[in-house]
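Me: I am new to this structure. Please take one part and look at it closely, then show me how the rest is built around that part.

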Amino acid sequence: MINRSELAQQFDEHLEGVPANVNSTFNLFAGQLGQSVSLTDGNYSQWTGARSDVNFYLSTHSWLHWNLSWSGLSFPHSDGCWENHIFVYLWNGNKFQKAKTICSGNSIRPLELPGSNLVRLHMQYNQILSLTPQQQLDSVPHYNLTLVPVCGGNFTEPSATINSEEVAGRPSLSGATTCHWLVRVRQGKTIEFTVAYYFIGVCSTQLGESLKIFNGDSESSPLLAPPLCHNSNMTSFKLPQTAGNVAFLVFKAATDKDVGALLFLLFSTNSI
C-alpha cells in the first residue's frame with residue numbers, strides 16, 4: 001500500500017506536496033499480473049461536488065506497468081476540457097510527469113503506460129456557475145476507469161532482480177506472455193546480469209520461447225549473449241557486461257505449456 005504522506009512529501013510534482021485544493025486522495029495497489037483495478041463514479045461519487053479535485057495513486061511491482069482504458073467519461077454541466085479532465089501522470093524516478101489528458105468518451109483500445117509502476121490520476125471538475133441548486137446536486141462526473149498491470153517496465157536502480165513468481169503472482173508464467181524490460185543505469189556504468197535459473201520451454205524457432213538480452217535500448221541492438229531457452233539445470237552463471245549503461249530484455253512464453261516458464265535473474269552495475 002502506498003503511504004500518502006510519502007507521496008505528498010516526495011512523489012508529487014508540486015513542491016508543496018498534494019495541492020491544498022485537492023480534497024480526496026486514494027491509494028491503491030495491484031500485485032498480480034492482470035489483476036484489474038476499477039475506478040467508477042458509483043464508488044467514488046460521494047467525494048465529488050461543484051468543484052472536485054481527486055487524486056488516485058496506483059502502484060504495482062517494479063517489473064510491471066499499467067494499461068489504462070475508460071468508458072462513459074463525461075463531466076455534466078461543465079465548460080469544456082480546460083478545467084474538466086483527468087490528468088494521467090507517470091513517476092519517472094524523481095517526480096510525476098504528465099503523460100495524458102482525457103476528457104470524455106471511451107478508449108478505443110487500452111492505453112499503455114510504459115516505463116513506470118506508479119501512476120497518479122488527477123480528476124478535476126468545475127461546474128458552470130449558472131446551475132440551479134438541483135442541477136448542481138444532479139451533476140457529478142461520470143467515469144469508468146480500468147487499470148491492469150501488464151508484464152514489463154523500466155529499471156533505473158543500480159541493482160535489482162526479475163523473478164517470474166513476482167511478475168505473475170505465482171511460481172510460473174503461463175499463457176501467451178511477452179515481457180519487455182529496459183534497464184538503464186547511470187552514465188559511466190555498465191550492467192552485469194547473473195542468471196540464477198530459468199526454465200523457458202524448448203528451444204524452438206517456431207514457438208519463439210526465450211529470454212533475449214540486447215546490448216542497447218531496443219531489439220534492434222545486438223544481442224548481449226545467445227537467447228536463453230530450455231533450462232539452466234538450476235546452475236547460476238554470469239553474462240558478459242554491457243557495452244554501455246543500458247540493456248533491453250524480451251521474455252516470451254508460449255501458450256501451450258502446462259508448467260509455464262520460470263525465470264530468476266539479477267543485475268548489478270560496474271564502472272566502465
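**A four-stranded sheet and its surroundings**

Reply: Start with an open sheet of four strands. Its order is β10-β12-β17-β14, and the pairing is mixed. Keep in mind that this is a predicted model. Two strands form the edges: β10, residues 153-155, and β14, residues 210-214. Each of them has a single partner strand, so one side of each is left without a neighbour in the sheet. From one strand to the next, the twist averages 15°.

Now look at the β10 edge. Strand β12 covers residues 177-184, and three bridges join β10 to β12. The two strands run parallel. To find the spot, look for N154, which stands opposite L182 in β12.

Next comes the packing. The largest nonpolar core has 28 residues. Which of its residues touch the most other members? They are W181, F193, L211 and L249. Several elements give two or more residues to this core. Among them are β12, β14 (both also found in the sheet order) and β17, residues 246-253. The others are β11 (159-163), β13 (189-200) and β18 (262-271). The largest share comes from β13, with five residues.

F193 deserves a stop of its own. Leave aside its neighbours within four places in sequence. F193 is then in contact with V183, I213, L224, F237, K238, L239, T242, A247, L249, L265, L266 and F267. One of these partners, L249, is also among the core residues that touch the most other members. There is also a second, separate core of 25 residues, which includes L68, W70, V88 and I102.

Another partner of F193 leads to a charged pair: K238. Side chains of opposite charge can pair when their charged atoms come close. The structure holds one salt bridge. It joins K238 to E192, with the closest N and O atoms 3.7 Å apart. K238 lies in strand β16, residues 237-238, and E192 in strand β13. The pair therefore ties together parts that are 46 residues apart in sequence. Are its two ends buried or exposed? K238 has 53% relative accessibility and counts as exposed. E192 has 17% and counts as buried, because the limit for buried is under 20%.

Now move to another sheet. It is open, has four strands in the order β2-β9-β4-β7, and its pairing is antiparallel. Here β2 (37-40) and β7 (111-113) stand at the edges. Each has a single partner strand, so one side of each lacks a neighbour in the sheet. Neighbouring strands are turned by 25° against each other on average, direction ignored. At the β7 edge, the partner is strand β4, residues 64-74. β4 and β7 pair in the antiparallel sense over three bridges. N67 is a useful marker there, as it stands opposite E112 in β7.

Finally, step back to the protein chain. It has four helices and 18 strands. Of its 272 residues, 47% count as buried. Take the contacts with a separation of 6 or more: residues 24 or more positions apart account for 81% of them. The chain exposes about 13300 Å², and carbon and sulfur atoms supply 50% of that area.

Key. Residues numbered from 1 in each chain as written. Predicted model: local features only at pLDDT ≥ 70, side-chain atom pairs only at ≥ 80, totals over all residues. Heavy atoms only, no water. Pairing = 2+ DSSP bridges. Axes fitted to C-alpha atoms, helices over the stretch in contact; angles between N-to-C directions. Buried < 20%, exposed > 50% of the residue type's maximum accessible area, 1.4 Å probe, protein only. Contact = heavy atoms within 4.5 Å. Areas by Shrake-Rupley, 256 points an atom, 1.4 Å probe, with all protein chains shown as cover. Core = buried A, V, L, I, M, F, W, Y, C linked by side-chain atoms within 4.5 Å. Salt bridge = Lys/Arg side-chain N within 4 Å of Asp/Glu carboxyl O.
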